[in-house]
Amino acid sequence: MSYIERAKNSIMNTYKRNEVVLVNGKGSYVFDEKGNKYLDFTGGIAVCSLGHCPDEVIEAVEIQIKKLIHTSNLYFTIPQIELAERLVKLSGGNVKVFFCNSGAEANEGAIKLARKYHRKKGKDRYEIITFLNSFHGRTYGSLSATGQTKFHKDFEPMLPGFKFAQLNNIESVKSQLTPNTAGIMLELIQGEGGINVCSEDFIRELKNICDQNDILLIFDEIQTGIGRTGRFFCFEHFGIKPHIFTLAKGIAGGLPMGAIIAVDKVAESLEPGTHATTFGGGPVICSAAIRVVDKISEEVFLKEVREKGVYIEEGIRKMKDKYPLGEIRGIGLLRGVELQMDEPAKVVELGLKNGLLLNITAGNILRLLPPLNIKREEIDEFFEKLVHTFDGVIK
Ligand SMILES: Cc1ncc(COP(=O)(O)O)c(C=O)c1O
């Protein structure tokens, strides 16, 4: 029996998987069991921030795994302290970190924290305003926060206390405010929803609303954070620091980790026993994340991410004369290209045959998330393969 048949017999059918079995990877490339090579422009959906099997991560894991693999969070470990210190510094100080294991888990914690902050002040404020087309995860809290009914279908009832507004429409936010509003939660660039970028004015106005009403501003930086947009945190582009933000995906170079970061006055509302996770912030994963964070936070690295993002945007723009492409959106190496062809899914299918891993989200948005350390010549190879793929789809 082939691996694909064995997989179909044994693994739940929850993903529209490509029929490929990957066995190893290095840098921007992965290889399947038959030896075929693919240039990975999905980056594990923003996870493989330093490419596949980065030397830094391997080295850090090899060293730490021989020292201490796990200890309960009833004790401190040096890697956890050192990672937290770095994140505090990169956040501009006066914040605290909580480590967990995934994006959904980080958002769950952020929602709990927002409610707890108000309860601690004796206020029964529990409503969270989120946005249409957002994506915050698949657990009940994060799913309830997600503003796309297609993900809710057949899993209802969703949790109470979530209200949805339109992105970049401040009046729509105001219409959802009530005396019970605890927080406003959003992605600065909606990833899964189609690479929809928030306007600076909108974020500034949200911040004003939050400041005037003691509402917590919560950014989901799970896809946009850790250098993806060419700043360590995406909020730096906007010059606005939220009260709470969440991280996951690229933080540990492919290993599972999530984090909640909150300003001190909010963070201190959680006391011992109010929130916890068994595996969060384990020493092995924290050692890996330290190396990833150190690399990505270098200004020269971030500058290159911004430049490569522009290079990709310009390269795609040149293709617009020949192929039915609409808007090109995004910042840094989080880019979306609107495919105006009849069967956009064919681009992924044919890309695979041409040795290129691609992802489509929101129906027809080609989402580009290459490793942040991708090389220029690899981007040129991507252009060639993409043109070849478009030619095959459009012929
Ligand atoms: C913005 C955003 N939030 C939350 C999540 C959920 O993260 P995870 O799949 O690690 O639970 C994702 C995953 O795609 C995401 O893009």
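**Entry 1: the four-stranded sheet**

I looked up an open sheet of four strands first, in a predicted model. Its order is 13-14-17-16, and the pairing is antiparallel. Two strands count as paired if DSSP finds at least two bridges between them. Strands are DSSP runs of E with at least two residues, helices are runs of H or I with at least four, and both are numbered from the N terminus.

I then checked the edges. Strand 13 (325-331) and strand 16 (359-361) stand there, and each pairs on one side only. On average, neighbouring strands of this sheet are turned by 30° against each other, direction ignored. Axes here are lines fitted to C-alpha atoms, for helices over the stretch in contact, and angles run from 0 to 180 degrees between N-to-C directions.

Strand 16 pairs with strand 17 (residues 365-368) in the antiparallel sense, over three bridges. I found T361 opposite I365 in strand 17.

**Entry 2: notes on the model**

I number residues from 1 along each chain as its sequence is written, and side-chain values use heavy atoms, with hydrogens and water left out. In this predicted model, local features need pLDDT of at least 70 and side-chain atom pairs count only at pLDDT 80 or more, while totals for chains, interfaces and linings use all residues.

**Entry 3: the seven-stranded sheet**

Next I turned to an open sheet of seven strands. Its order is 4-12-11-10-7-5-6, with mixed pairing. Strand 4 (95-100) and strand 6 (162-165) are at the edges with a single partner strand each, so one side of each has no neighbour in the sheet. Neighbouring strands are turned by 20° against each other on average, direction ignored.

I followed one pair inside this sheet. Strand 10 (residues 216-220) and strand 11 (residues 244-247) run in the parallel sense and share three bridges. The bridge partner of I218 in strand 11 is I244.

Two helices that pack on the sheet went into my notes. Helix 5 touches strands including strand 4, strand 6 and strand 12 (258-263), and its direction makes about 165° with that of strand 11. Contact means heavy atoms within 4.5 Å. Helix 9 (residues 200-213) touches strand 5, strand 7 and strand 10, and its direction makes about 165° with that of strand 7.

**Entry 4: two domains**

How is the chain divided? The domain assignment gives domain 1 (3-54 + 299-394) and domain 2 (56-296). Such bounds come from an automatic or database domain assignment. The domain centres, taken over C-alpha atoms, are 26 Å apart. I read that 28 residues of domain 1 are in contact with 28 residues of domain 2.

The area buried between the two domains is about 2,500 Å², and carbon and sulfur atoms give 62% of this. Buried area is the accessible area (1.4 Å probe) that two parts lose on being put together, summed over both. In domain 1, P54, I331 and L334 lose the most area to domain 2, together 25% of what that side buries.

I counted on polar links too. Between the domains, 14 residue pairs are in polar contact, both residues at pLDDT 80 or more. A polar contact is a pair of N or O atoms within 3.5 Å; within protein, one must be able to donate a hydrogen and the other to accept it, and residues adjacent in sequence count only if both atoms are side-chain atoms. Helix 13 gives the largest share of the side of domain 1 that touches domain 2, namely five residues.

**Entry 5: salt bridges**

The structure holds 22 salt bridges. The rule asks for a side-chain nitrogen of Lys or Arg within 4 Å of a carboxyl oxygen of Asp or Glu. One salt bridge is found across the interface of domain 1 and domain 2. I also noted that E192 and R367 form a salt bridge, with their closest N and O atoms 3.3 Å apart.

K120 and E271 form another, at 2.9 Å between the closest N and O atoms. K120 lies in helix 5 (residues 103-120) and E271 in the loop between helix 11 (264-267) and helix 12 (283-296), so the pair ties together parts 151 residues apart in sequence.
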